[in-house]
Amino acid sequence: ETPMLESSSAVQAVNIAGEFQRHVPLSGRRDWFDSLLLAPGVVSVPSATGKVFYYLHGADFSSLVMQIDGADVASTLQNTSGYINLSTEAIQDVQIKTGAVDAATPIGAGAVMSVVTQSGTNRLTGVAGFGYQAESWNGSNAPGGTSNAFGIFQPDVSLGGPLWRNRAWFFSAYRYTNNSLAISRTPTQLANLRALVPRFQPLTSDSEASYYFAKITATLTPSHRLDGFWQRDHSPENAIGPNWGGGF
């Protein structure tokens, strides 16, 4: 039971189960960091290119601290969530610290997001899911201009089970994403772009990528466990802003 008064730690945190996050999708993309939308005090700001930026107590979105199974996975360029990608099927639990952070946490001015990933069990289990949204499903309310229209093609699969029953287990997850975002532009913006860029055609922000995750868990002694994981999230993306004449 939750104690009425927590006297041993001043940390302000919220815990979110991965199963809850998967069953209550918070955004169309089903991003692994969507759980930040449930943390008190965190402000989300969508950008023109489809990204969502998260702020806490005035700290910039590049000040997030992100850990996966205790490893600091934030980018050396900037600690924004857009640099890290992971299938939501790999998430077991998430803890988000928003204040009075303990000394064991890496330094950062924003929210501290710690993910515990799934582990295999003695039972071989797998999950498959699929997210789809056609661009034609988006309405348009910008006569003479263009509206945001998001197209999503995103399957997720995971598989886990025993390597050595009662001693060692494996878990793996994979996500393929092929997303396209049409950019909102006013008639004036379109007219300016066509005047400045010969043969200008409205471009979209596109991303096509594969995200891999694999984990091995082993029991060494009754009181010692060894975990190791491998993650790869090479994420090529073509970004475009409402006033841009070309992609980036």
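A salt bridge is a side-chain nitrogen of Lys or Arg within 4 Å of a carboxyl oxygen of Asp or Glu. By that criterion, E19, R22 and E89 are linked in a network of salt bridges. The structure shown above is a predicted model, and a search of the whole of this model finds six salt bridges.

Side chains of opposite charge can pair when their charged atoms come close. Within the network, the side chains of E89 and R22 meet at 3.9 Å, N to O. R22 belongs to helix α1, whereas E89 sits in the loop between β5 (71–72) and β6 (91–99), so this pair ties together parts that are 67 residues apart in sequence. Are these two residues buried or exposed? E89 has a relative accessible area of 13% and is buried, because the limit for that class is under 20%. R22, at 12% relative accessibility, also counts as buried.

A further salt bridge joins D69 to K215, with the closest N and O atoms 3.4 Å apart. D69 lies in the loop between β4 (65–68) and β5, and K215 in strand β11, so the contact ties together parts that are 146 residues apart in sequence. The accessibility of each partner can be stated separately. K215 is buried, at 4% relative accessibility, while D69 is partly exposed, with a relative accessible area of 29%. The backbone of D69 also deserves attention: its phi is positive, at about 50°, although D69 is not a glycine.

H57 likewise has a positive phi of about 50° without being a glycine. H57 is placed in the loop between β3 and β4. With a relative accessible area of 63%, H57 is exposed.

The side chains of R225 and D227 form another of the salt bridges, at 3.0 Å from N to O. Here R225 is exposed, with a relative accessible area of 57%, and D227 is partly exposed, at 37%.

The discussion now turns to the pockets. Rolling a probe the size of a water molecule over the atoms shows where empty space is left. The largest pocket has a volume of about 600 Å³. Of the 27 residues in its lining, K51, G82, Y83, S235 and E237 are the closest to the centre. Which elements give two or more residues to this lining? They are β3 (52–56), β10 (168–182) and β11. Of the elements, β10 gives the most, with three residues. Sorted by class, the lining of the largest pocket holds nine nonpolar, 12 polar and six charged residues.

The second largest pocket has a volume of about 350 Å³. Its lining consists of 23 residues, and those nearest the centre are R22, E89, Q118, V127 and S158. R22 and E89 are therefore found both nearest the centre of this pocket and in the network of salt bridges that includes E19. Four elements, α1 (18–23), β8 (125–133), β9 (149–164) and β10, each supply at least two residues of the lining. Strand β8 gives the most, with seven residues. The lining of the second largest pocket divides into four nonpolar, 12 polar and seven charged residues.

Strand β8 also contains Y132. Together with F130, W137 and F153, Y132 forms a nonpolar patch on the surface, and these residues share about 500 Å² of accessible area. Y132 itself is partly exposed, with a relative accessible area of 46%; this value satisfies the requirement of over 30% for residues that make up a patch.

A final point concerns V197, which lies in the loop between α2 (187–196) and β11 (204–221). How far apart in space are V197 and G245, C-alpha to C-alpha? The distance is 6.4 Å, although the two residues are 48 residues apart in sequence. V197 has a relative accessible area of 25% and is partly exposed, because that class covers values between the limits of under 20% for buried and over 50% for exposed.

Terms used: Residues are numbered from 1 along each chain as its sequence is written. This is a predicted model: local features need pLDDT of at least 70, side-chain atom pairs count only at pLDDT 80 or more; totals for chains, interfaces and linings use all residues. Side-chain values use heavy atoms; hydrogens and water are left out. Buried means under 20% relative accessible area, exposed over 50%, partly exposed in between (1.4 Å probe, protein chains only). On a 1 Å grid over the protein atoms alone, a cavity is a set of points where a 1.4 Å probe fits but cannot get out, and a pocket is an open set with protein on both sides within 12 Å along at least five of seven lines; lining residues have an atom within 4 Å of a point. Grid points are joined across faces, edges and corners, and a volume is the space filled by probe spheres set on the points. Ala, Val, Leu, Ile, Met, Phe, Trp, Tyr, Cys and Pro count as nonpolar, Asp, Glu, Lys and Arg as charged, and the others, Gly among them, as polar. Patches are made of residues with over 30% relative accessible area and no salt bridge: like charges are joined within 9 Å, nonpolar side chains (Val, Leu, Ile, Met, Phe, Trp, Tyr) within 5 Å. Accessible areas come from the Shrake-Rupley method with a 1.4 Å probe; for residues, only the protein chains shown count as cover.
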